[in-house]
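The following note is offered to a colleague who is meeting this structure for the first time. Its points are numbered so that each may be checked in turn.

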Amino acid sequence: MGISIPVRLELPKRGDVPRDRRGRLLTDLRISVVDRCNFRCPYCMPEDQYPRDHEFLSKSERLRFEEIERLATIFAGIGVRKLRLTGGEPLLRRDLPELVRQLAHVPGIEDVALTTNGSLLADRVVALRDAGLKRITLSIDTLDPVTFASMSGGRGEIGTVLAAIAAAEAAGYSQLKINTVVMRGINDGHLLDLVEHFRGTGHILRFIEYMDVGTCNDWKRDLVVPSAQLRARIAERWPLVALERNYGGEVAQRYGFADGAGEIGFISSVTEPFCGDCSRARLSADGRLYTCLFASAGHDLRGPMRAGATDQDLAGIVSAVWNARDDRYSEIRSEATPGSREHVEMYAIGG
Ligand code: SAM
Ligand code: SF4
Ligand code: SF4
């Protein structure tokens, strides 16, 4: 099921570092290693649309680890420095530490990170660390066991994820990122408990506005809690100070607790869009390149790779796709009629 993309590809010269049509570099690649998940979060993969017998990619459709490593090497050759493994649930690929080991040795790659729901992390975190995994982001939407269960589609258990955090701390991950998707009327009453729990631990809680990624989650703007409101609510109890961005293209706005108890972040794609210096591309588990989280189609790299394309050919394709990129969906979202656009699903390309 090939998707062709209506861009005219002009192949760049060897060694060129591509810039998109807005002058943005490609420095960050998110790699979805599997589209399956053991959770069914309603904002991502609602149970009614993804029952247990849903057909995900087959093993032969998914990229093999050596294919991922090869593509990562090609991306590194044109400027990518950071890789993030995601999914679906990336730890459903049992031998993920082996992939991390391969990627950590790719010349030019400075950072390999993981985003996970934490359910399968505890007994593999040491192997991941030993393989060279630098950073971990875990997703926790609430500490309340009943709401946690419902926000994972009846599949998750908060105790397991808290145990994974303890295991990660014991393995030396002293500054985890904790992602919390905020949905009005569902978990927004529990957010101060999360702040209280993680304040002072060294971990960084990041509140993400519920986004209109994909088309299966029936997104409604009413369910979005604007970060500014949430920030004000938190600051009433624990005064906050704005912090500088760590690097260009950082998605979270950073705030520190005025009393020195660490930092929190807000990812406000809906109310405070931030496409200006977005330097991220996404590779789906079946080898398609997406230049925006809200893209409707990706560019197939697996086909040419399996048909014998050279590294130079593949670098040329990636550079040409990037050169043609003009994405700034968050900034123009309000111009689009809600529901009028097809978006690739989040679990297919990762967060
Ligand atoms: N399964 C892993 C996990 O949940 O961490 C990795 C993949 S998941 C797609 C990556 C991130 O996307 C998670 O932190 C998740 O909460 C976030 N996410 C998924 N759907 C979202 C939505 N509609 N709006 C905002 N964030 C979303
Ligand atoms: Fe799975 Fe992550 Fe999507 Fe939840 S957000 S359904 S854990 S991929
Ligand atoms: Fe980047 Fe697309 Fe998100 Fe804008 S909407 S920040 S271009 S991924």
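1. Contacts of Y290. In this predicted model, Y290 touches A281, R282, S284, A295, A297, G298, V344 and I349, when its neighbours within four places in sequence are set aside. The residue belongs to strand 11, which covers residues 288–290.

2. Exposure of Y290. Is Y290 buried or exposed? Its relative accessible area is 6%, and because the limit for a buried residue is under 20%, Y290 counts as buried. As for W322, its C-alpha lies 9.4 Å from that of Y290, although 32 residues separate the two in sequence.

3. The shell around ligand 1. Twenty residues might be inspected here, and the record of the model singles out some of them: of the 20 residues around ligand 1, those that come nearest are Y43, G88, S139, M211 and M346. By character, the shell consists of eight nonpolar, ten polar and two charged residues. Strand 3 (111–116), strand 5 (177–182) and strand 6 (204–209) contribute at least two residues each.

4. Polar atoms facing ligand 1. Which residues place polar atoms at 3.0 Å, 3.3 Å and 3.2 Å from this ligand? A polar backbone atom of G88 is 3.0 Å from a nitrogen atom of ligand 1. For E89 the atom concerned is a polar one of the side chain, 3.3 Å from a nitrogen atom of the ligand. T116 takes part through a backbone N or O atom, at 3.2 Å from an oxygen atom of ligand 1. The protein buries 96% of the 550 Å² that ligand 1 exposes when taken alone.

5. The shell around ligand 3. Ligand 3 is enclosed by F274, C275, C278, R280, R282, C292, L293, F294, R325, D327, Y329 and S330. These divide into seven nonpolar residues, four charged and one polar. Strand 10 (280–283) and helix 10 (329–332) each provide at least two members of this shell. R282 deserves a second look, since R282 is listed around ligand 3 and is also among the contacts of Y290.

6. The buried side of helix 2. Which residues of helix 2 (residues 96–104) are buried? They are L96, P97, L99, V100, Q102 and L103. The elements they pack against are strand 1 (28–32), helix 1 (65–77), strand 2 (82–86), strand 3 and helix 3 (125–131). Strand 3 thus appears in two settings, as a partner of helix 2 and as a contributor to the shell around ligand 1.

Methods
Residues are numbered from 1 along each chain as its sequence is written. Chains are lettered from A and ligands numbered from 1 in the order in which they are written. This is a predicted model: local features need pLDDT of at least 70, side-chain atom pairs count only at pLDDT 80 or more; totals for chains, interfaces and linings use all residues. Side-chain values use heavy atoms; hydrogens and water are left out. Helices (H or I, at least four residues) and strands (E, at least two) are DSSP runs, numbered from the N terminus. Buried means under 20% relative accessible area, exposed over 50%, partly exposed in between (1.4 Å probe, protein chains only). Contact means heavy atoms within 4.5 Å. A residue is near a molecule or strand if one of its heavy atoms lies within 4 Å of it. A polar contact is a pair of N or O atoms within 3.5 Å; within protein, one must be able to donate a hydrogen and the other to accept it, and residues adjacent in sequence count only if both atoms are side-chain atoms. Accessible areas come from the Shrake-Rupley method with a 1.4 Å probe; for residues, only the protein chains shown count as cover. Ala, Val, Leu, Ile, Met, Phe, Trp, Tyr, Cys and Pro count as nonpolar, Asp, Glu, Lys and Arg as charged, and the others, Gly among them, as polar.
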